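Here's a walk through this structure, taken one piece at a time. Keep the sequence and the 3D view open as you read.

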Amino acid sequence: LFSVCGPGGTGASTVALGLAQGLAADPRNGGRVLLADLALRADQAMLHDSRELGPGLQEVVEAHRLARPAPEEIARMTFEVPRRGYRLLLGLRQPEAWAALRPRAIDAALVGLRRSFQVVVADITGDVEGEAETGSVEVEERNHLARATALTSTVTVVVGAPGTKGIHSLARLVRDLVRAGAAPDRMVAVVNRSPRHPGARAEAARALAQILGATGLSLALAGPVAVPERKLEEVFRHADPLPAPVIEPVVRAVRLVADRVADAAPPEMAPERITPGSLSSWSDAEFGRGSP
């Protein structure tokens, strides 16, 4: 499971698409690669010029509420993208549809997707705050798609933009993911639309390392992966494969980290111990003792 996220406007959905295409070309994956749109504001249907509204994520999660669908049944809820070699799981039809997705069903659906495909590339939202950070169960449930995916991913790709603001936002998202429980040694930073000049790329790498180093964080690779800028409007309009320069740097980096952590225990969502006294209490009067 490879998850891809980034602040808005960084091209994280495009990077996820390119990663799925690159991994689908690897014969080791046997043509069983899925690009799953798990973002709150799903863009993959637009990027693939899909005329279909479903089935998609909502149907897959619903199917896992009370049953364990067979891989063939899950595959029928996805769409083939023959020119790029992978299958596509469409995302939420409306952002507010997250309210109908139960966290346990989401967790079961992630397991079902991994059981049904050799590789799952998940396009997720870069919002991972939970109850511990906000004091709100509703916020955690809203972000459960992203949290559950990032925390159980083999590798998480964090996409940012060049420039001061872009690197700052990239570092902040890395810190948010680590605070939510993701492992930094499973994260790969990507600077999309990276400048061509080697000096500018080196400066971005130094800035990211300096910001993260101030909080004691270091990622799986020494520096961010640079993805050059390419005009892709015609590519999306005609559903053509993405050009190799957009794909290969990310695929190499992700494979390197995935091979490195292959022998380690896979990350999984674990129960959290409750500290005595942390759940507050009621007085007898508030609880209603003695009332009918």
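In which sense do β3 and β4 pair, and over how many bridges? They pair in the antiparallel sense, over three bridges. Before going on, a word on what you're looking at: this is a predicted model, where local features need pLDDT of at least 70 and side-chain atom pairs count only at pLDDT 80 or more, while totals for chains, interfaces and linings use all residues. Residues are numbered from 1 along each chain as its sequence is written, and side-chain values use heavy atoms, with hydrogens and water left out.

Some ground rules for the elements: helices (H or I, at least four residues) and strands (E, at least two) are DSSP runs, numbered from the N terminus. Two strands pair if DSSP finds at least two bridges between them. Back at β3 and β4, Val81 stands opposite Tyr86 in β4. The hairpin of these two strands has four residues between them, and Gly85 there takes a positive phi near 90°.

Now zoom out to the sheet. Eight strands make up an open sheet with mixed pairing, in the order β3-β4-β2-β5-β1-β6-β7-β8. At the edges stand β3 (79-81) and β8 (225-228), each with a single partner strand, so one side of each has no neighbour in the sheet. On average, neighbouring strands of this sheet are turned by 25° against each other, direction ignored (the axes are lines fitted to C-alpha atoms, for helices over the stretch in contact, and angles run from 0 to 180 degrees between N-to-C directions). As a reminder, strands of a sheet pair through backbone hydrogen bonds, either parallel or antiparallel.

The parallel sense turns up too. β2 and strand β4 (residues 86-89) pair that way over three bridges, with Leu35 opposite Leu88 in β4. Strand β7 (residues 187-194) and β8 also pair in the parallel sense, over four bridges, and here Asn192 stands opposite Val227 in β8.

For a look inside the sheet, try Ser3, which lies in strand β1 (residues 2-5). Ser3 is buried, with a relative accessible area of 0% (buried means under 20%, exposed over 50%, partly exposed in between, using a 1.4 Å probe and protein chains only). Its side chain makes a polar contact of 3.1 Å with the side chain of Thr156. A polar contact is a pair of N or O atoms within 3.5 Å; within protein, one must be able to donate a hydrogen and the other to accept it, and residues adjacent in sequence count only if both atoms are side-chain atoms. Leaving out residues up to four places away in sequence, Ser3 touches, among others, Thr149 and Ala150; contact means heavy atoms within 4.5 Å.

Thr149 and Ala150 are among the buried residues of α8. In fact, eight of the eight residues of helix α8 (residues 144-151) are buried, so the helix is largely enclosed by the rest of the structure.

What about the greasy parts? A nonpolar core is a set of buried Ala, Val, Leu, Ile, Met, Phe, Trp, Tyr and Cys residues joined through side-chain atoms within 4.5 Å. In the largest one, with 48 residues, Leu38, Leu57, Leu89 and Leu177 touch the most other members. Elements that each supply at least two residues include β2 (33-37), α8 and α9 (163-180), and α9 gives the largest share, seven residues. Leu177 touches Ala150, Thr156 and Met187, among others, not counting residues up to four places away in sequence. A second, separate core has 39 residues, including Leu90, Val121, Ala220 and Val251.

Helix α2 (residues 44-47) is worth a stop as well. Its Leu47 counts as buried at 8% relative accessibility. Leu47 and Ala239 are 192 residues apart in sequence, yet 8.2 Å apart in space, C-alpha to C-alpha. Gln44, also in helix α2, is buried with a relative accessible area of 0%, and a polar contact of 3.0 Å joins its side chain to that of Asp123.

Finally, the whole chain: 13 helices and eight strands. The radius of gyration (taken over C-alpha atoms) is 20 Å, close to the 19 Å that the globule rule (2.2 Å times the number of residues to the power 0.38) gives for 292 residues, so the chain is as compact as a globular protein of that length. Buried residues make up 47% of the 292 residues.
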